[in-house]
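Please look over the structure below before reading the points. They are written for someone who has not seen it before.

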Amino acid sequence: MPLALPSFDCTLKQQAGKTYILDLIRKKYLQLTPEEWVRQHMLHYLIHHLNYPKGLCRSEQKIWGVERCFRPDILLCDARGVAKMMVECKAPHQLLTQDALGQLMHYNRYLSVNVLVLTNGQTHFCWQLDPHTGTFNPILQIPTYDALVKLS
């Protein structure tokens, strides 16, 4: 599936008639679904093009909410390990709807990040927190790691 993200040499394997991709962060093979394809491309883009340290990236890390846990697709942290940006990935054929944004905002109630990103690999939407108003405003591009840590 072609995406609006740079391609990379991913590591794939076949097992029992299914394709698996090596997760850049968790260092284990995951079933290759359309959403996983987007997630791995986004991780590669963040690490190799926007200079996010691999050790500060989290992929589907379990976060405990009030009633249950949830797993944001990608969390980007600062050097202290505090989440600063959250990325929600959808399959390329999925539209980026208000419901998807609502999911991202719901997760952020527990994380309080500065930047939110919603992507299906074809289209990317980004919002940055205005610390004075407490609202998220659209931004034109995903910030580099250096730009993100300066927001703190």
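The points below take up a sheet, a helix and one residue of this predicted model.

1. The sheet. β1, β2 and β3 form an open sheet in that order, and the pairing is antiparallel. β1 (12–15) and β3 (29–31) are the edge strands: each has a single partner strand, so one side of each has no neighbour in the sheet. On average, neighbouring strands of this sheet are turned by 35 degrees against each other, direction ignored.

2. The pairing of β1 and β2. Strands of a sheet pair through backbone hydrogen bonds, in either a parallel or an antiparallel way. Here β1 and strand β2 (residues 18–22) pair in the antiparallel sense, over four bridges. Opposite Lys13 stands Tyr20 in β2.

3. The helix on the sheet. Helix α1 (residues 34–48) packs on the sheet, where it touches β2 and β3. The direction of helix α1 makes about 20 degrees with that of β2.

4. Thr119: buried or exposed? Thr119 belongs to strand β9 (residues 115–119). Its relative accessible area is 0%, and because buried means under 20%, Thr119 counts as buried.

5. The surroundings of Thr119. Which backbone atom does the side chain of Thr119 reach? The side chain of Thr119 comes to 2.9 Å from the backbone nitrogen of Gly121. With neighbours within four places in sequence left aside, the residues in contact with Thr119 are Val38, Met42, Val87, Glu88, Cys89, Lys90, Leu96 and His124.

Technical notes: Residues numbered from 1 in each chain as written. Predicted model: local features only at pLDDT ≥ 70, side-chain atom pairs only at ≥ 80, totals over all residues. Heavy atoms only, no water. Pairing = 2+ DSSP bridges. Helix = DSSP H or I, 4+ residues; strand = E, 2+ residues; numbered from the N terminus. Axes fitted to C-alpha atoms, helices over the stretch in contact; angles between N-to-C directions. Contact = heavy atoms within 4.5 Å. Buried < 20%, exposed > 50% of the residue type's maximum accessible area, 1.4 Å probe, protein only. Polar contact = N/O pair within 3.5 Å; in protein donor to acceptor, adjacent residues only side chain to side chain.
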